[in-house]
Amino acid sequence: MRLPRKSLEVTTSEDYKLLENMNKLTSLKYLEMKDIAINISRNLKDLNQKYAGLQPYLDQINVIEEQVAALEQAAYKLDAYSKKLEAKYKKLEKR
């Protein structure tokens with residue numbers, strides 16, 4: 001079954017219009033995606049700048065955390081030593 005030439009031209013014309021519309025929509029979607037990517041990039045740069053600004057404080061927190069851990073160890077050692085002294089004192093006191 002052959003379509004008449006006129007009908008074939010109309011179908012081909014409609015196909016081209018459909019393709020053209022699809023290309024326009026695709027182009028618009030890519031532009032939207034480009035805008036989204038630009039916004040994400042901008043936000044990422046802002047966050048990196050904020051993080052860089054916070055970095056000295058984060059470094060200070062790390063140093064303080066290490067100092068607290070060292071102080072805690074010293075406190076445990078001091079506690080153990082004071083318990084030993086107390087035990088020796090009580091032992092001497094009983095004599």
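**Exercise 1. Start with Glu86 and Lys90: work out how far apart they sit in helix α1, and how their side chains meet.**

*Solution.* Glu86 and Lys90 are four residues apart in helix α1, so about one helical turn separates them. This is a predicted model, so let us keep that in mind as we go. Next, look at the side chains: those of Glu86 and Lys90 meet in a salt bridge, with 3.5 Å from N to O. A salt bridge needs this kind of nitrogen-oxygen pair to be within 4 Å, and the value for Glu86 and Lys90 is 3.5 Å. In general, side chains of opposite charge can pair when their charged atoms come close. Finally, check the accessibility. Glu86 counts as partly exposed at 44% relative accessibility, and Lys90 is partly exposed with a relative accessible area of 44%.

**Exercise 2. Find out how many salt bridges a search of the whole structure gives, then describe the one between Glu20 and Lys24 and the one between Lys83 and Asp79.**

*Solution.* Begin with the count: the search finds four salt bridges in the whole structure.

- Take Glu20 and Lys24. Their side chains form a salt bridge at 3.6 Å, N to O. Both residues belong to helix α1 and are four residues apart, about one turn of the helix. Glu20 has a relative accessible area of 44%, which means partly exposed, and Lys24, at 48%, is also partly exposed.
- Now take Lys83 and Asp79. A salt bridge joins their side chains, at 3.4 Å from N to O. Here too, both lie in helix α1, four residues apart, or about one turn of the helix. Asp79 counts as partly exposed because its relative accessibility is 36%.

**Exercise 3. Decide where Thr26 lies, whether it is buried, partly exposed or exposed, and which backbone atom lies 2.8 Å from its side chain.**

*Solution.* First, place the residue: Thr26 is in helix α1, which covers residues 5-94. Second, classify it. Partly exposed runs between the 20% and 50% limits, and Thr26 has a relative accessible area of 37%, so it is partly exposed. Third, look for the neighbour: a polar atom of the Thr26 side chain lies 2.8 Å from the backbone oxygen of Met22.

**Exercise 4. Identify the residues of the nonpolar surface patch and of the positive one, and place Leu54 and Lys91.**

*Solution.* Take the nonpolar patch to begin with. Tyr51, Leu54, Tyr57, Leu58 and Ile61 make it up, and together they have about 520 Å² of accessible area. Leu54 has its place in helix α1. With 47% relative accessibility, Leu54 counts as partly exposed.

Then turn to the positive patch, which Lys84, Lys88, Lys91 and Arg95 form on the surface. Lys91 lies in helix α1. Exposed means over 50% relative accessible area; Lys91 has 58%, so it is exposed.

**Exercise 5. Step back to the chain: what are its numbers of helices and strands, its share of buried residues and its exposed area?**

*Solution.* Count the elements: the chain has one helix and zero strands. Next comes burial. A residue is buried when its relative accessible area is under 20%, and buried residues make up 0% of the 95 residues in the chain. Last, the surface: the chain exposes about 9600 Å², and carbon and sulfur atoms supply 61% of that area.

Note on methods
Residues are numbered from 1 along each chain as its sequence is written. This is a predicted model: local features need pLDDT of at least 70, side-chain atom pairs count only at pLDDT 80 or more; totals for chains, interfaces and linings use all residues. Side-chain values use heavy atoms; hydrogens and water are left out. Helices (H or I, at least four residues) and strands (E, at least two) are DSSP runs, numbered from the N terminus. Buried means under 20% relative accessible area, exposed over 50%, partly exposed in between (1.4 Å probe, protein chains only). A polar contact is a pair of N or O atoms within 3.5 Å; within protein, one must be able to donate a hydrogen and the other to accept it, and residues adjacent in sequence count only if both atoms are side-chain atoms. Accessible areas come from the Shrake-Rupley method with a 1.4 Å probe; for residues, only the protein chains shown count as cover. Patches are made of residues with over 30% relative accessible area and no salt bridge: like charges are joined within 9 Å, nonpolar side chains (Val, Leu, Ile, Met, Phe, Trp, Tyr) within 5 Å. Lys and Arg count as positive and Asp and Glu as negative; His and the chain ends are not counted. The place of a charge is taken as NZ of Lys, CZ of Arg, CG of Asp or CD of Glu.
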